[in-house]
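Reader: Hi! I am new to reading protein structures. Could you walk me through this one?

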Amino acid sequence: MRAIKIDSISKTVSEVEIDEENSLAGMQAIVDGLIEQALELENGDALFVNEEGLLLGPKWFFEIEGGHQPYAGNGVIVGTNYSTGDSIDAETPINKIKSMVKFLSLDEVRRKYRH
C-alpha cells in the first residue's frame, strides 16, 4: 500500500510501501508507537501520528496545513476506504504533502505556541 511518511527527525517527506496485510503494524513502525488519526485531508486521506508522542520527550515536530497543532515525532498518511474501514493507497501527490508540511524544533514550537 502506498503511504507517505513525514519524518520530523530527518525533515523529509517520502513515499513508502506498507504491507496491506500488516498495515497497522507498518503504520505503528513509522510513528514509533500506537497510532491515532490526527487529520483527515480533503480527499479522504488520513494523517496518523503517535498517540503518545508528547509523552516521549519529543524534540522534533511538524505542522501540516489544516492541522490544529504541531505534531510530535513522525506521521504517516494513508488512504481510507470508509465502506470497510480499511487503509488503502494514499491518493495525495507527494509534492502536495511536501508543500503542506513545515518542520519545527522543540524551541520553535515553544516560541510559536507560547500563550
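Reader: How many helices and strands are there in the protein?
Author: Happy to help! Keep in mind that this is a predicted model. From the N terminus on, the elements run β-β-α-β-β-β-β-β-β-α-β-α. Counting them by kind gives 3 helices and 9 strands.

Reader: Which radius of gyration does the protein have, and why does that agree with a compact globule?
Author: Start with the box that the C-alpha atoms fill along the principal axes, roughly 40 × 25 × 25 Å. A compact globule with 115 residues would have a radius of gyration near 13 Å, so the protein agrees with that at 14 Å.

Reader: What share of the contacts with a separation of 6 or more is between residues 24 or more positions apart?
Author: Good one to ask when you look at how the chain meets itself. Among contacts with a separation of 6 or more, residues 24 or more positions apart account for 59%.

Reader: Which element gives the largest share of the largest nonpolar core?
Author: In soluble globular proteins, nonpolar side chains tend to be buried together. Here the largest nonpolar core has 17 residues, and Ile6, Leu47, Phe62, Ile64, Ile77, Ile97 and Val101 touch the most other members. The elements giving two or more residues to this core are β1 (2-7), β4 (46-50), β5 (60-64), α2 (94-100) and β9 (101-105). The largest share, 3 residues, comes from α2.

Reader: How many residues are in the other core that lies apart from it?
Author: You can look for Ala3, Val31, Ala46 and Phe48, which are among its members. This other core, apart from the largest one, has 11 residues.

Reader: Which residues does Val101 touch, not counting residues up to four places away in sequence?
Author: Val101 is one of the residues that touch the most other members of the largest core. Leaving out residues up to four places away in sequence, Val101 touches Ile6, Val13, Phe62, Glu63 and Ile64.

Reader: Does Ser105 count as buried or exposed, and why?
Author: Ser105 has its place in strand β9. Beyond four places away in sequence, Ser105 touches Lys59, Trp60 and Phe61. Buried means under 20% relative accessible area. Ser105 has 16% relative accessibility, so Ser105 counts as buried.

Reader: How far apart do the centres of the positive and negative side chains lie?
Author: First, the two sets: the protein has 11 positive and 20 negative side chains. The centres of these sets lie apart by 15 Å.

Key
Residues numbered from 1 in each chain as written. Predicted model: local features only at pLDDT ≥ 70, side-chain atom pairs only at ≥ 80, totals over all residues. Heavy atoms only, no water. Helix = DSSP H or I, 4+ residues; strand = E, 2+ residues; numbered from the N terminus. Rg over C-alpha atoms; globule rule 2.2 N^0.38 Å. Contact = heavy atoms within 4.5 Å. Lys, Arg positive; Asp, Glu negative; His and termini not counted. Charge placed at Lys NZ, Arg CZ, Asp CG, Glu CD. Core = buried A, V, L, I, M, F, W, Y, C linked by side-chain atoms within 4.5 Å. Buried < 20%, exposed > 50% of the residue type's maximum accessible area, 1.4 Å probe, protein only.
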